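User: I am new to this structure. Please take me through how its labels are earned.

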Amino acid sequence: NNNSYFIGGYFTRYKGFSNNFIIKILSDGQIDTSFISGTNLTSQVDDIIIQSDGKIIVLGFSTHFKYDTVSQIIRLMPSGEIDKSYKLIKRFRLKPDLIKITRDDALLVYVDHCILKLNNQGLIDSSFKICFSQDNEVYAIEIQEDYKILLSGSFSEINSNQVNNFSRLNEDGSIDNSFQTSGTDIGPSTILIQPDNKIVLGGFMNKYNGQACSQIIRLFPDGNIDPSFDLDFRINRFNSKVRPEARLLTDGSFVFTGEYKYLNDGTTRKMIKISGDGNLDSDFYPPITDGDTKILAIAEQKDGKILFGGDFTECNKVGVNRIGRLNNQLSTASIDLKNADIDFQIWPNPSYEKIKIYSKIGDIKKFTLCSIGGKELKISKVNTQTIELDISNFENGVYFLKIHLKDKIISKPIIKMK
């Protein structure tokens, strides 16, 4: 509501400040100091859900918050302090994206081939349980406005009822027999629900209700396929190692991430935008140039710009440390550099092995790597705008890099990680 955003993942610093695995930022990328938990978690955050009262559900592998032992699901107050009234007493092996909020801020969670419901206090609702065979998996869960439950995955039965990889359940977990589907040949990886209650599926499927289909389709609310959504392009194959992520944008279009091979124009794209009637926006081409990287999360701001996060360190030959923002106006997808330091860049930072340094304001004459105490560890004379520094043999920690230009010296902190 205040145009701020939560980021969760595997990181320990943001803009040089210590923030462990979760942070709240403002729309300009600055830290929202009203949220203070960023130094308290001890391991990665895999999912974040905001309740209707503003409390924050955090899913991860954390065993400690400050000095307290906690479960894989914790609840934080809006200030970032742990909500000790959340009484989750059992540890679960949970998967990101397979935890959804439903009526009265209850949670549906997929664990050990079952979907359980946790009430608003973290207690298991014994009246609700959806079970699958041991060799089955769930890929996506979505909750409709009427609290019916859409499921996709690799499964042939739900609570002993025969289904084929895709189904809709009533709020109590029973099969919704009014939903006109016989399923898919391969389970969809993503499910989106439009404001008009139409349903978009994306994944590796080739058939829906026994008929040939594309890998992104749209259904009417009753489960029948919507023929007006007709892709005007062909996806020869997805990269099966990259799980697609999808978002419905406020303009009615869709953004899918993953790895899309051999589109009509012969390119490989890690993010595509599709209009509400199935047309590919060919001008939307986010230039993620790192070869083997993935986009792992996307979100839309109120102004239509798109936040994206992943394991990339470069976009359109600009250093972008794992989170960036795209302009999404007039069908463009250029990197938003409004708040970036485009005159001088160091990336990736933190780094495990090598750091690139780029100066747009003149050649770098010399650089000096110093310890946090000021001891000079490495000195090199150069005469170029771009250099690469190998820090693989240095101990983990914070260092300072002094960059000598023609008429000034710039000092920047860098972080070496394992």
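User: Why is Asn136 called buried?
Analyst: The model is predicted, and the values are computed from it. Asn136 has 6% relative accessibility. Buried means under 20%, so Asn136 counts as buried.

User: Where is Asn136 found?
Analyst: Asn136 is in the loop between β13 (124-131) and β14 (137-143).

User: What makes the pair of Asn136 and Ser156 a polar contact?
Analyst: A polar atom of the Asn136 side chain lies 3.4 Å from the backbone nitrogen of Ser156. The cut-off is within 3.5 Å, so the distance of 3.4 Å fits. Asn136 also touches Tyr110, His113, Ser154, Phe155 and Glu157.

User: How do you know that β12 and β13 pair?
Analyst: Two strands pair if there are at least two bridges between them. Strand β12 (residues 114-118) is joined to β13 by 4 bridges, so the two pair. They run antiparallel. One bridge links Ile115 with Ile130 in β13. In their hairpin, 5 residues sit between the strands, and Gly122 there takes a positive phi near 90°.

User: Which residues touch the most other members of the largest nonpolar core?
Analyst: The core has 16 residues. Those touching the most other members are Ile115, Phe132, Ile141, Ile149, Leu151 and Ile158. β11 (107-111), β13, β14 and β15 (149-154) each supply at least two residues of this core. β14 gives the most, with 3 residues.

User: Which other core lies apart from it?
Analyst: Another core, of 15 residues, includes Ile357, Ile364, Ile391 and Leu405.

Terms used: Residues are numbered from 1 along each chain as its sequence is written. This is a predicted model: local features need pLDDT of at least 70, side-chain atom pairs count only at pLDDT 80 or more; totals for chains, interfaces and linings use all residues. Side-chain values use heavy atoms; hydrogens and water are left out. Buried means under 20% relative accessible area, exposed over 50%, partly exposed in between (1.4 Å probe, protein chains only). A polar contact is a pair of N or O atoms within 3.5 Å; within protein, one must be able to donate a hydrogen and the other to accept it, and residues adjacent in sequence count only if both atoms are side-chain atoms. Contact means heavy atoms within 4.5 Å. A nonpolar core is a set of buried Ala, Val, Leu, Ile, Met, Phe, Trp, Tyr and Cys residues joined through side-chain atoms within 4.5 Å. Lists of a residue's contacts leave out its neighbours within four places in sequence.
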